[in-house]
Amino acid sequence: MNFLSKFNWIRHGLLTIGIMIVGTVIVAALTAPIISPYSPYDLDVTMMLQAPSADHWLGTDELGRDVLSRTIFASQISIQVALVAVSVGVIGGTIIGVLAAYFGGVTDLILMRLMELLFSFPAILLAIVLMASLGTSILNAMIAIGIIFIPGFARLARATTVEAMQQQYIEAARSVGMSHSRILIIEIMPNVITPLLVEAAVAFAYAVLLESALSFLGLGAQPPEPSWGNMLNTGRGFMAQAPWLSIMPGMALFFCVLGFNLLGDGLRDMLDPHLRD
Amino acid sequence: MKIEANKRSSTLEIENLSVAFGQGSKSAVVVDNISLKIGKGEIVGLIGESGSGKTVASLAVLGMLPRGAKVVQGSIKLTNDPLLERTDDYRRSIRGDRIALIPQDALRSLNPTGKVGYQVGEPLNLHRSASWAFARSKAIELLRSVNLSDPELRSEEYPHQFSGGMQQRAMIAMGLSTEPELLIADEPTTALDVTVQAQVLDLLRAVRDQHDTSILFITHDLGVVANLCDRVYVMYSGAIVEEGPVDQIFSNPSHPYTQGLLDATPRIHGAMTGLTPIPGQIPLPNKRPVGCRFSDRCLFALPQCASTPKPITVGDNHISYCLRVKELGGSS
């Protein structure tokens, strides 16, 4: 708590805004069943494509479902997918990158060429190919997005590890008799973790976007499961009659991605040890 | 008294040590057949130009030779413990415990992401299985003992918040944490200004006086050696060319290389004749002249210098490897 009271919220303004937006999204996802006024699945054919009103603050969709409730519930999918995908990317990428840097030579060559192979595909295309071979489900979407992230994290982890290993304090650590694993964990990891954390926050934004893109294409969350992506896809057909169908999930997506990006940038400024006071 | 000093048990005993880089015909012998002894509580200077092999020799003692370098002959004993016969794991376990290194550049040797207190206490946690809390409290004590003001506060700071002298003192505190038998100081004062340098030297002397620690002080700065060391080894191109007590080395330098080094050092009370540089450069390990390796730069070289130099006793414990030392009579 000492940390919180010392933290300069004004100086890290963007970070503060990022935390607020991300916090809102996470709270919405966690409390979705409590805060949403209706069930996201309940149909009401008498209330199809209703404009926003006191009963339905953000209107209803083509099957009479409450758009606000669906948007709130969709945040669950987004956060879930992003969390799993980024974890897969960070863990897989860090292990591959650190091992490549630490052992060097042939290991490095093979691992990094493999990563470059993955990197050379456009993300969406790779996701579609992976989904096509894994089958369309939300779990497979998480894995596919995670795999897309691995090369980026691996390269970052490798670069920072290589840089850290050339530092004289690694030599100094050897001179006080530390073992390889202790050097990796105590001396190298703290130097590697900061850029990875920042990258993870940015990747989170990208994962949310990718999940929506996959769902938009019908490869991610399957109806009636609400997702910002498939809501946008549905809304596309009713742009003229019921623009609220697209606007709400679009805005949610926009702010969520913005929030994670601000969080990433803010973290980078804050975690740089040379800027600590 | 000198004999008594010699009889004391030696902390470090290096005998006929050679270290080579590479293999076969391409190998370069960087440290060539050196022998060196450090008694308990003794401060020994190892002087030489850049590239003379002094750092490689110290790395061989630590068991941290870079990839491609290996010991080809000789023995290294730490208080009668034959280090070269031990496993890598064993040697790692005594680094930072029984032998500590004080590196040249303290800032770059401290991890920028770690608080100083934790780094100073780290060897205790590592080698003595001390808890982090104990290591930290001990670190504060150590930081106080190296005259750092406000050690409680300072131990919570990061290395970049320290000045150069404070960083170097923190490194010394870290080196002392396990009360090692041998402290290897590799040019610890090179990066510091003169007043801070004097403080660090005082500190090292105090360490020796309080803990009876043996110190191997590696440097190219003769002023520092005169100030601090008990005995001196002069190294040139991988070999020791002269050894002796510090006062004798300075009052009666008995190798043309040592004389050259002294002539190339500015002095306040010297005649204003300018400095005399040693002509030429230190030879590459595979291009050394036959016999005395200083002969191609030596003003006194004779054809006989092409034979392998032998130790010639000049005074009490004072040995020169120059064949002409008697006739040149230490005049410089």
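**Group meeting: a two-chain predicted model**

Chain B has 13 helices and 12 strands. Its radius of gyration is 21 Å, close to the 20 Å that the globule rule gives for 332 residues, so chain B is as compact as a globular protein of that length. Before I go on, please keep in mind that this is a predicted model.

Let me stay with chain B for a moment. Taken along the principal axes, its C-alpha atoms fill a box of roughly 65 × 50 × 40 Å. Of its 332 residues, 52% are buried. If you take the contacts in chain B with a separation of 6 or more, 65% of them are between residues 24 or more positions apart. The accessible surface is about 15,300 Å², and carbon and sulfur atoms account for 52% of that. As for charge, chain B carries 34 positive and 35 negative side chains, and the centres of those two sets lie 5 Å apart.

Now chain A. How many helices and strands does chain A have? There are 11 helices and 0 strands. Read from the N terminus, the order of elements is therefore easy to write down: α-α-α-α-α-α-α-α-α-α-α. The C-alpha trace of chain A spans about 75 × 50 × 25 Å along its principal axes. Chain A has 277 residues, and 47% of them count as buried. Among its contacts with a separation of 6 or more, 70% are accounted for by residues 24 or more positions apart. Chain A exposes about 13,400 Å², with 71% supplied by carbon and sulfur atoms. The charged side chains number 12 positive and 18 negative, and the centres of the two sets are 10 Å apart.

Next, the place where the two chains meet. Chain A puts 18 residues into the contact, and chain B puts in 23 residues. Between them, about 2,000 Å² is buried, and carbon and sulfur atoms give 52% of that area. Which three residues of chain A supply more than any other three of the area that chain A buries against chain B? They are Gln168(A), Ser175(A) and Val176(A), which together supply 28%.

I will finish with some single residues, starting in chain A. Cys256(A) is in helix H11, which covers residues 244–271. Is Cys256(A) buried or exposed? Its relative accessible area is 1%, and buried means under 20%, so Cys256(A) counts as buried. Leaving out residues up to four places away in sequence, Cys256(A) touches Val25(A), Val208(A) and Trp228(A). For a distance to look up on the screen, take Cys256(A) and Val129(A): they are 127 residues apart in sequence, and from C-alpha to C-alpha they are 26 Å apart in space.

Also in chain A, look at the peptide bond between Pro223(A) and Pro224(A). That bond is cis, with omega at about 10 degrees. Pro224(A) sits in the loop between helix H9 (180–216) and helix H10 (228–236).

Back to chain B, where two loop residues have a positive phi. The first one on my list is Glu179(B), which is not a glycine and has phi near 45 degrees. You will find Glu179(B) in the loop that runs between helix H8 (164–176) and strand E7 (182–186). Glu179(B) has a relative accessible area of 53%, and exposed means over 50%, so Glu179(B) counts as exposed.

The next one is Ser237(B), also not a glycine, with a positive phi of about 50 degrees. Where does Ser237(B) lie? Ser237(B) is in the loop between strand E9 (231–236) and strand E10 (239–245). With a relative accessible area of 2%, Ser237(B) is buried.

One last residue in chain B is Ser58(B), placed in helix H2, residues 54–62. Ser58(B) is buried as well, and its relative accessible area is 2%. Not counting residues up to four places away in sequence, Ser58(B) touches Ile184(B) and Ile218(B). Of those, Ile184(B) has a number that falls within strand E7 (182–186), the strand that follows the loop holding Glu179(B).

To recap: chain A has helices and 0 strands, chain B has both helices and strands, and the two chains bury about 2,000 Å² between them. That is the end of my part.

Methods. Residues are numbered from 1 along each chain as its sequence is written. Chains are lettered from A and ligands numbered from 1 in the order in which they are written. This is a predicted model: local features need pLDDT of at least 70, side-chain atom pairs count only at pLDDT 80 or more; totals for chains, interfaces and linings use all residues. Side-chain values use heavy atoms; hydrogens and water are left out. Helices (H or I, at least four residues) and strands (E, at least two) are DSSP runs, numbered from the N terminus. Buried means under 20% relative accessible area, exposed over 50%, partly exposed in between (1.4 Å probe, protein chains only). Contact means heavy atoms within 4.5 Å. Accessible areas come from the Shrake-Rupley method with a 1.4 Å probe; for residues, only the protein chains shown count as cover. Lys and Arg count as positive and Asp and Glu as negative; His and the chain ends are not counted. The place of a charge is taken as NZ of Lys, CZ of Arg, CG of Asp or CD of Glu. The radius of gyration is taken over C-alpha atoms; the globule rule is 2.2 Å times the number of residues to the power 0.38. Buried area is the accessible area (1.4 Å probe) that two parts lose on being put together, summed over both.
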